[in-house]
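Visitor: Please take me slowly through a single part of this model, covering what surrounds that part and what follows it along the chain. I would like the terms explained as they come up.

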Amino acid sequence: MYQYQKTGIYLAQIPEDLKEYAVEELKSLGAEEIRGTYKGVYFKADKETLYKVNYQSRLIVRVLAPIITFDCHSDKYLYKTAYNNINWEDFLSESSTFFILSNVSNSNIRHSKFAAQRLKDAIADYFTKKYGKRPSVNNKDPDIYINLFIRNNKAIISVDTSGGSLHKRGYRKQSVEAPISEIVAAALIKISGWTSDKFLYDPFCGSGTILCEAFMHVTNTPSMILRKRFGFENLPDFDRKTWQKVKEKAINKIKEIPKGLISGSDISETAVKATLKNCSLIDKKNKIIVKRMDFRKLKLKKDTIIITNPPYGIRLKTEEPIKTLYKDLGDFLKREIKDSSAFIYFGNRELIKSMGLRPKYKRIIFNGGLEGRFVRYDIY
Ligand SMILES: C[S@@+](CC[C@H](N)C(=O)[O-])C[C@H]1O[C@@H](n2cnc3c(N)ncnc32)[C@H](O)[C@@H]1O
């Protein structure tokens, strides 16, 4: 029996700044005994909950199933343990493709890449010896991701039950410069507390990430509805019937929304095209309205909230026009948002002061390594 089978305990990787929301989400999906660790949480789950978490979570990066934990003081020992103590055909075959993600710190083995290399050798040699053929490495779309974590000379080898980062929802077929991460967009929607009693508008929709996440949130569409293959399907105790049940239950809970509950616009034609394409993959009935427009010319419906991520100048270089854009945005909110709220994600916090509005709160949220601010404005 492997470790996760004995304990029922999995590790959810979560960005540090989103942990409290992700823990709430995990609980709502049925996870138990949630216990924090660096950049993640351990949780206890049966198979149904594990599949549900992978299919429906919006804030988790991936879920690992630990196969084995052992003291590991040298690369030789890593190789030997991986070679001797795991029946690798329980997880993959000689014709599979795999990829190892590794993270090593404060240990005799110094380099993550080297550790991954040794684990790869052990798996390859295991198959070559037994079958005369070995699985090959594929870093783009492997059949299985294996995770190696070594800290203070303790190693954990896990299978990635998600089958690649869960931010890859599958709808981003076209992109723009500086898109927001899908997980961050989902977090912004969650934190804003938006519900269907208000219209939601994104005036800088880019490739439509916030619109897509808002749509999935309000319609109960599973975040991973487009993913074809999950890592948990490689586990030796994978239960297809339970997986079918999880999918059916979730799909039965999808709700319809009125056209125009969610809308957005962008000044760039390429961005509008990207948004239309991306949204069409999840919003099959075209309920999301998208148009090309400078935000300054927009007229918004009463009872609209804004959730948006305007350009932030990192790539624009010129500070002056971008400050003007934020001043104009402040004026636009004063004019168009009455008795409602706007939630703005600032990639560059220096720009908050150009808005000329008093924030209700500011929260630190990272997007792709940049420390941004999520700011709420209540306008009366
Ligand atoms: C940071 S990107 C938004 C990215 C988006 N959240 C995504 O995930 O793809 C900012 C967007 O603002 C748009 N933009 C810049 N100036 C604008 C303006 N005056 N009116 C409307 N959109 C504008 C840009 O074309 C760009 O797509």
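Guide: Helices (H or I, at least four residues) and strands (E, at least two) are DSSP runs, numbered from the N terminus. This is a predicted model, in which local features need pLDDT of at least 70 and side-chain atom pairs count only at pLDDT 80 or more, while totals for chains, interfaces and linings use all residues. Residues are numbered from 1 along each chain as its sequence is written, and side-chain values use heavy atoms, with hydrogens and water left out.

The part to look at is helix H7, residues 209–219. Of its 11 residues, 10 are buried, a word that stands for under 20% relative accessible area, with exposed meaning over 50% and partly exposed in between (1.4 Å probe, protein chains only). Among the buried residues are Thr209 and Ile210 at the start of H7, Glu213 and Ala214 further along, and Val218 and Thr219 at its end. The cover over the buried residues of H7 includes helix H6 (182–192), the strands E9 (199–202) and E10 (262–266), and also H9, E11 and E12, where contact means heavy atoms within 4.5 Å.

Helix H9 (residues 269–282) packs against H7 at an angle of about 15°, and the two axes are 9 Å apart; H7 is therefore roughly parallel to H9, the term for angles under 35 degrees, with over 145 roughly antiparallel, 65 to 115 roughly perpendicular and the rest oblique. The axes are lines fitted to C-alpha atoms over the stretch in contact, and angles run from 0 to 180 degrees between N-to-C directions. On the H7 side, Leu211, Cys212, Phe215 and Met216 meet Thr275, Asn278, Cys279 and Ile282 of H9. By class, this contact has 6 nonpolar, 2 polar and no charged residues.

The two cysteines in that contact deserve a closer look. The sulfur of Cys279 has its closest cysteine sulfur in Cys212, 3.8 Å away, which is too far for a bond, because a disulfide is a pair of cysteine sulfur atoms within 2.5 Å. The structure holds 0 disulfides, and Cys279 is itself buried, at 3% relative accessibility.

Just after H7 comes Asn220, with a positive phi of about 65°. Most residues other than glycine have a negative phi. Asn220 sits in the loop between H7 and helix H8 (240–252), and is partly exposed, with a relative accessible area of 34%.

Notes
Ala, Val, Leu, Ile, Met, Phe, Trp, Tyr, Cys and Pro count as nonpolar, Asp, Glu, Lys and Arg as charged, and the others, Gly among them, as polar.
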